[in-house]
Amino acid sequence: MAKIAINIATGSLQQEEMIVGIDLGTTNSLISIIHPESKRPIVLKEYDGAALVPSIVHFGQAGNITVGDDAKKYLIAEPENTIFSVKRLMGKSYNDVQQQTNFFTYKIIDDNSESLVKIQVGEKFYSPVELSSFILKELKIRAEHILKTTVTKVVITVPAYFNDAQRQATRDAGKLAGLDVLRIVNEPTAASLAYGLGLNKDETKTIAVYDLGGGTFDISILRITSGIFEVLSTNGNTYLGGDDFDASIASFIMEKIGVSNDALNQNKSLAQEIRLKAEEAKIELSYNNEFEGVVDGKVLLITKNEFEQLATPLIAETIQCCKNALTDANLTIADIDEVIMVGGSTRVPLVKKTVSEFFNKTVHDTLNPDEVVAMGAAVQADILAGNNKDFLLLDITPLSLGIETMGGLMDVLIPRNSKVPSKAARQYTTQKDGQGSMRISVFQGERDLIKDNRKLAEFNLTGIPGMPAGLPKVEVSFLVNADGILVVNAKELRSGVEQSVEVRPQYGLTDEEVEKMLLDSITHAKSDIQTRALVEAQTEATQIIDTTNLFIQKNNDLLTDNELADTNDAINTLQKLIVNGNKDNIQAAIEKLNEISRPYAERLMDSAISKAMKGKNILE
Ligand code: AMP
């Protein structure tokens with residue numbers, strides 16, 4: 001019997017829908033499908049043969065947005081309008097990335113170190129989710145163009161070390177791009193599937209996946225038991241990759257042709273020429289013993305031996321990470337059954353040789369290392385489509401499960417399509433001083449506002465001892481057991497008070513209703529995410545006003561009249577915008593209030609520290 005699917009874009013029925021696999025990479029992204037005849041994964045290519053879409057977004061003066069190679073052209077000329085490496089910012093707060101802000105050439109907002117990062121381009125503020133959605137939308141358009149059919153159902157890969165927030169951010173980006181994200185798959189799992197590992201149900205294997213790309217290095221140790229993948233450990237360096245090989249060759253070239261660092265700083269086009277020549281040399285030396293080229297009018301010769309000496313310390317660093325990963329997994333080299341090479345930089349013969357010698361094994365390197373993750377995503381997509389009959393589909397949760405948070409937003413704890421049994425927990429705190437109870441409302445659905453989702457249960461956690469706002473730690477945990485029953489537990493960790501409830505989320509819910517809820521979430525994705533961004537900005541603004549008011553009350557006599565007047569003005573403006581502003585002007589007003597309060601907050605902090613120091617007895 002043929003399968004009938006709903007085309008989510010048009011709402012009409014169609015015979016069969018293709019599910020595509022997407023590798024949403026830090027530098028490049030790719031789409032792959034299982035070829036209908038050969039049944040092998042293939043990467044979708046444009047007429048010119050290009051498969052890679054650079055993960056870069058450019059914002060033009062006229063408000064036009066471009067993605068991919070067209071955006072890449074602006075990297076040097078318009079760094080503040082050209083966003084690259086957005087994957088590094090997914091699900092991150094400013095606190096997480098402030099050490100690396102030199103790396104980014106665009107503006108990352110640092111107004112509130114606790115909240116998620118935003119990127120400012122001109123007058124607008126974008127979240128990493130929105131930026132990633134532009135890339136995914138472009139991939140969707142390309143796939144539809146090549147396949148000549150609508151594409152809505154996808155599998156997207158993420159690094160094995162991505163946490164819940166980063167995985168959820170990736171799902172949201174897909175939703176915003178009009179995609180139905182059926183599954184988030186770990187990149188090393190996808191690479192293993194592309195090589196056919198894990199497709200035999202009776203097999204138990206331990207696999208090391210070595211992934212050296214342009215800017216990042218990851219090593220993951222996986223165990224497959226009866227077709228189920230488990231990540232035993234991950235290690236790596238998020239700032240080590242092929243770019244570092246290029247940088248060492250570039251310094252070597254400068255020495256050879258006699259160019260100083262100062263001279264290079266003065267001459268940006270020479271710097272660019274040397275960098276490009278370095279990469280060209282590296283790539284050629286993967287296939288030849290010598291590279292000959294011309295730089296700055298001078299003939300240049302680099303031998304494979306010279307390159308290998310430069311590369312050795314960098315490769316040694318990756319091997320150290322492999323050792324750490326083995327230790328963390330409580331394993332030795334002898335426990336590893338298979339080694340898989342992923343990422344463009346594993347084409348360097350010395351990399352292959354060193355890794356193979358370290359693990360004492362021939363490595364898997366027959367598939368294109370740039371494409372292997374996307375290909376594995378396509379294999380997973382095919383399994384979900386039910387085309388791979390040998391493969392058991394596990395029970396999954398058909399709709400996301402979560403609770404209501406500030407401003408009526410849905411906070412998902414267990415995303416839809418999670419395998420059953422499944423559990424998740426998250427911590428929350430109180431809003432008011434002395435708050436003795438907390439209401440926990442449990443919802444099911446894909447929409448951002450709980451009012452559009454299905455309420456499953458509600459209870460009050462009472463008996464929380466009186467504490468200042470923000471101090472209690474209430475852990476809410478969800479457990480969906482093998483029978484599909486959801487147990488929700490809330491526990492205040494300082495006092496130990498707890499309460500729980502049990503529900504059967506699927507009770508009274510038909511397949512048609514599930515399908516409708518999914519359809520609605522895709523149709524309303526854009527307005528939903530906009531509303532969420534507005535509610536989040538309003539909540540952040542209210543919190544900042546409360547903190548600032550508290551601060552000026554306490555330190556009233558230490559502030560000048562001007563400082564007080566400016567602060568009150570900024571608070572009034574922000575208060576009005578909370579009622580009738582949009583997320584961009586609320587964000588701008590938060591920035592303004594921070595700019596006004598920062599100097600006196602720092603001044604008072606300094607004097608408080610010096611006062612405290614004076615009062616201290618220093619022991620000898
Ligand atoms: P990825 O991030 O996986 O696309 O890897 C890109 C990196 O692989 C870049 O640093 C490229 O310079 C590098 N690369 C691509 N092809 C080769 C090659 N044949 N030999 C050495 N490095 C390569």
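A helix here is a DSSP run of H or I of at least four residues, a strand is a run of E of at least two, and both are numbered from the N terminus. I note at the outset that the model is predicted.

**Entry 1. Ligand shell**

I looked up which element gives the most to the shell around the ligand, and H8 does, with 3 residues. I then listed the residues around the ligand; there are 17 of them, and Glu279, Lys282, Ser286, Tyr287 and Gly344 come nearest. By class I find 9 polar, 5 charged and 3 nonpolar residues in the shell.

Next I went through the polar contacts. The side chain of lysine 282 has an N or O atom 2.7 Å from an oxygen atom of the ligand. For serine 286, I read 2.7 Å between a polar side-chain atom and a nitrogen atom of the ligand. Glycine 344 uses its backbone: a polar atom there is 2.9 Å from an oxygen atom of the ligand.

I checked how much of the ligand surface is covered. Taken alone, the ligand exposes 500 Å², and the protein buries 85% of that. Two elements give two or more residues to the shell, namely helix H6 (242-257) and helix H8 (268-284).

Where does the ligand lie with respect to domain 1 and domain 2? Both domain 1 (19-195 + 369-384) and domain 2 (199-366) give residues to the shell, so I place the ligand between them.

**Entry 2. Strand E16 and its neighbours**

I took strand E16 (residues 217-225) and asked how many of its residues are buried. The count is 7 of the 9, so the strand is largely enclosed by the rest of the structure. The cut-off I applied for buried is under 20% relative accessible area.

I then traced the pairing on either side. E16 pairs with strand E15 (residues 204-212) in the antiparallel sense, over 9 bridges. The hairpin that joins E15 to E16 runs through 4 residues. As one bridge pair I noted leucine 212 with phenylalanine 217, the latter in E16.

E16 also runs antiparallel to strand E17 (residues 228-237), and 9 bridges join the two. Here I noted arginine 223, which stands opposite glutamate 230 in E17. The hairpin of E16 and E17 has 2 residues between the strands, and in it serine 226 takes a positive phi near 45°.

**Entry 3. Positive phi outside glycine**

I looked up two further residues with positive phi. Lysine 39 is not a glycine, yet its phi is about 65°. I find lysine 39 in the loop between strand E4 (28-34) and strand E5 (41-43). Serine 85, also a residue other than glycine, has a positive phi near 55°. Serine 85 sits in the loop between strand E9 (82-83) and helix H2 (94-97).

Is lysine 39 buried or exposed? Its relative accessibility is 59%, so I enter lysine 39 as exposed. Serine 85 has 6% relative accessibility and therefore counts as buried.

**Entry 4. Alanine 378**

Last, I looked up alanine 378, which is found in helix H11 (residues 372-384). With a relative accessible area of 1%, alanine 378 is buried. I also recorded its relation to isoleucine 156: the two are 222 residues apart in sequence, and 9.3 Å apart in space from C-alpha to C-alpha.

Methods
Residues are numbered from 1 along each chain as its sequence is written. This is a predicted model: local features need pLDDT of at least 70, side-chain atom pairs count only at pLDDT 80 or more; totals for chains, interfaces and linings use all residues. Side-chain values use heavy atoms; hydrogens and water are left out. Buried means under 20% relative accessible area, exposed over 50%, partly exposed in between (1.4 Å probe, protein chains only). Two strands pair if DSSP finds at least two bridges between them. A residue is near a molecule or strand if one of its heavy atoms lies within 4 Å of it. A polar contact is a pair of N or O atoms within 3.5 Å; within protein, one must be able to donate a hydrogen and the other to accept it, and residues adjacent in sequence count only if both atoms are side-chain atoms. Accessible areas come from the Shrake-Rupley method with a 1.4 Å probe; for residues, only the protein chains shown count as cover. Ala, Val, Leu, Ile, Met, Phe, Trp, Tyr, Cys and Pro count as nonpolar, Asp, Glu, Lys and Arg as charged, and the others, Gly among them, as polar. Domain bounds come from an automatic or database domain assignment.
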